[in-house]
Amino acid sequence: ETGTAALEVRGLTAGYGALAVIHDVTFTVGKGEIVGLLGRNGAGKTTTLMAIAGFLGKYTGEVLVEGAPLTGPSYRRSRGKIGIMVEGRSVFGTLTVRQNLQMAGVDVDESVELFPELRPKLPLRAGVLSGGEQQMLALARTVGRRPSVLLIDELSFGLAPAVSERILERLRAVATALSAGVVLVEQHIHFAASFVDRALIMNEGLVRAEIPASELVARESEIERLYLGGV
Ligand code: ATP
């Protein structure tokens, strides 16, 4: 099964109501691979994640998780293999860190092995954690059920670069440990360059280019033009 991609997105068109926001989005994420989704505000990055996760109802195109389509009889099982973490830290501030993990159906021991920073915080209320720690907890909740695919929106939003780096290093370790395919929405090219394997550049709902991480920084001005819609 090593030949099967973690995630295959084929010709995905989706949006809100009758309004299509992303058009014919096609890409593949291998097992253990991190693919960045770059583009300026409104490019359609979040919409792409939501559509893949099946939150946007009707769409055209296909989403396959480990070769199984997200439709038909295997829908429920396949959808359960997708973990999504969106902006705004999805932790319960009045509950302890341990309770937050338990509520997500996560094995606490396993989780603190993947995220050792959380171990000393287990008895604390999540609300007293720093922004970075809350983001780490949100990530632990998302990966705790061992999804095959992780969809992550702006992990570094509002965090100091050093804090984001630590969390993204954890994400890399988790992707490898679980052989999960990761789609990571990231605003900053330089940041993405250190943490993704490839990046898709989105503009106005279209994927304009697919660029290996090693070329991201060198091709920055070209990417900025793509951001602005000039092809
Ligand atoms: P950002 O980084 O600002 O979140 P993005 O690349 O993730 O940008 P999306 O959030 O996917 O972009 O938005 C793409 C387009 O879809 C925008 O024009 C936005 O106004 C529109 N949009 C987003 N959410 C909704 C919604 N719930 N209903 C209608 N239109 C929406």
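How many nonpolar, polar and charged residues does the shell around the ligand have? Good morning. Before I answer, please note that the structure above is a predicted model. By class, three residues of the shell are nonpolar, six are polar and three are charged.

Let me name these residues. The ligand is surrounded by Tyr16, Val21, Arg40, Asn41, Gly42, Ala43, Gly44, Lys45, Thr46, Thr47, Glu154 and Gln187. Helix 1, residues 45–53, gives the most to this shell, with three residues.

Several side chains reach oxygen atoms of the ligand with a polar atom. For Thr46 the distance is 2.7 Å, for Asn41 it is 3.2 Å, and for Gln187 it is 3.5 Å. On its own, the ligand has 630 Å² of accessible area, and the protein covers 58% of that.

I now turn to the sheet. Six strands form an open sheet in the order 6-7-8-3-9-10, and their pairing is mixed. Strand 6 (82–85) and strand 10 (206–212) are the edge strands, each pairing on one side only. From one strand to the next, the twist averages 20°.

Which sense of pairing joins strand 9 and strand 10? Strand 9, residues 198–203, pairs with strand 10 in the antiparallel sense, over six bridges. Within this pair, Ala199 stands opposite Ile211 of strand 10.

Finally, two helices deserve mention. Helix 1 packs on the sheet and touches strands 3, 6, 7, 8 and 9; its direction makes about 150° with that of strand 7 (149–153). Helix 6, residues 161–178, also packs on the sheet, touching strands 3, 7 and 8. The direction of helix 6 makes about 155° with that of strand 8. Thank you for your attention.

Notes: Residues are numbered from 1 along each chain as its sequence is written. This is a predicted model: local features need pLDDT of at least 70, side-chain atom pairs count only at pLDDT 80 or more; totals for chains, interfaces and linings use all residues. Side-chain values use heavy atoms; hydrogens and water are left out. A residue is near a molecule or strand if one of its heavy atoms lies within 4 Å of it. A polar contact is a pair of N or O atoms within 3.5 Å; within protein, one must be able to donate a hydrogen and the other to accept it, and residues adjacent in sequence count only if both atoms are side-chain atoms. Accessible areas come from the Shrake-Rupley method with a 1.4 Å probe; for residues, only the protein chains shown count as cover. Helices (H or I, at least four residues) and strands (E, at least two) are DSSP runs, numbered from the N terminus. Ala, Val, Leu, Ile, Met, Phe, Trp, Tyr, Cys and Pro count as nonpolar, Asp, Glu, Lys and Arg as charged, and the others, Gly among them, as polar. Two strands pair if DSSP finds at least two bridges between them. Axes are lines fitted to C-alpha atoms, for helices over the stretch in contact, and angles run from 0 to 180 degrees between N-to-C directions. Contact means heavy atoms within 4.5 Å.
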